[in-house]
Amino acid sequence: QVQLVESGGGLVQPGGSLRLSCAASGSIFSNYAMYWYRQAPGKQRELVASITSSGSTNYAYSVKGRFTISRDNAKNTVYLQMNSLKPEDTAVYYCNARHIIVLSQGYWGQGTQVTVSS
């Protein structure tokens, strides 16, 4: 069992920045690939960024060059640095963990709201 708690969301103006955090507990953090998803009102949940246990990253095209995912295995935490925020980035952001080997073992956090508005 892995428990995930997101934090760092809030209201920010277009062009601003936020850093989201996802703290994990209950298992060996380094055994999991980590993901950030987001879901805007009326839209399906979409994958924003991912990072493997070794640090390899991937991003949705819409956030490339603006968002950076990172992890600190010593702190059992994954981050999403969001720069140059746009109104279309407004969504609830969810942290997800998936076991590297046992792919069916996946967990979700409760989400944190990000609102980009002037």
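This dialogue walks through strands, core and surface in a predicted model.

Student: How do I read the two faces of a strand? Which residues of strand 7 are covered, and which are uncovered?

Tutor: In a regular strand, side chains alternate between the two faces of the sheet. Now look at strand 7, residues 67–72. F67, I69 and R71 make up its covered face. T68, S70 and D72 sit on the uncovered one.

Student: Which strand does strand 7 pair with, and in what sense?

Tutor: Strand 7 pairs with strand 8, residues 77–82, through six bridges. The two run antiparallel. Take F67 as an example: its bridge partner in strand 8 is M82. Four residues lie between the strands of this hairpin. Among the hairpin's residues, N76 has a positive phi near 55°.

Student: Now strand 4. Why is it called largely enclosed?

Tutor: Seven of its eight residues are buried, so the rest of the structure largely encloses strand 4. It has partners too. With strand 9 it forms eight antiparallel bridges. With strand 5 it forms five, also antiparallel. Y37 shows both pairings. It stands opposite Y94 in strand 9, and opposite L47 in strand 5.

Student: What joins strand 4 to strand 5?

Tutor: A hairpin, with six residues between the strands. In the turn, G42 has a positive phi of about 75°.

Student: How do I find the core? Which residues touch the most other members?

Tutor: In soluble globular proteins, nonpolar side chains tend to be buried together. Here the largest nonpolar core has 30 residues. L4, M34, W36, V78, L80, M82 and Y93 touch the most other members. Strands 3, 4, 5, 7, 8, 9 and 11 each give two or more residues to this core. Look at V78: beyond its sequence neighbours up to four places away, it touches residues including L20, F29, M34, W36, I51, I69 and C95.

Student: Is S21 in strand 3 buried or exposed?

Tutor: Buried residues have under 20% relative accessible area. S21 is at 16%, so it counts as buried. Leaving aside neighbours within four places in sequence, its contacts are V5, E6, S7, W36, T77, V78 and Y79.

Student: What about I101: buried or exposed?

Tutor: Exposed means over 50%. I101 has 68% relative accessibility, so it counts as exposed. It lies in the loop between strand 9 and strand 10.

Student: Which residues form a nonpolar patch with I101?

Tutor: I100 and V102 join I101 in a nonpolar patch on the surface. Together the three have about 270 Å² of accessible area.

Terms used: Residues are numbered from 1 along each chain as its sequence is written. This is a predicted model: local features need pLDDT of at least 70, side-chain atom pairs count only at pLDDT 80 or more; totals for chains, interfaces and linings use all residues. Side-chain values use heavy atoms; hydrogens and water are left out. Buried means under 20% relative accessible area, exposed over 50%, partly exposed in between (1.4 Å probe, protein chains only). Two strands pair if DSSP finds at least two bridges between them. Patches are made of residues with over 30% relative accessible area and no salt bridge: like charges are joined within 9 Å, nonpolar side chains (Val, Leu, Ile, Met, Phe, Trp, Tyr) within 5 Å. Accessible areas come from the Shrake-Rupley method with a 1.4 Å probe; for residues, only the protein chains shown count as cover. A salt bridge is a side-chain nitrogen of Lys or Arg within 4 Å of a carboxyl oxygen of Asp or Glu. Contact means heavy atoms within 4.5 Å. A nonpolar core is a set of buried Ala, Val, Leu, Ile, Met, Phe, Trp, Tyr and Cys residues joined through side-chain atoms within 4.5 Å.
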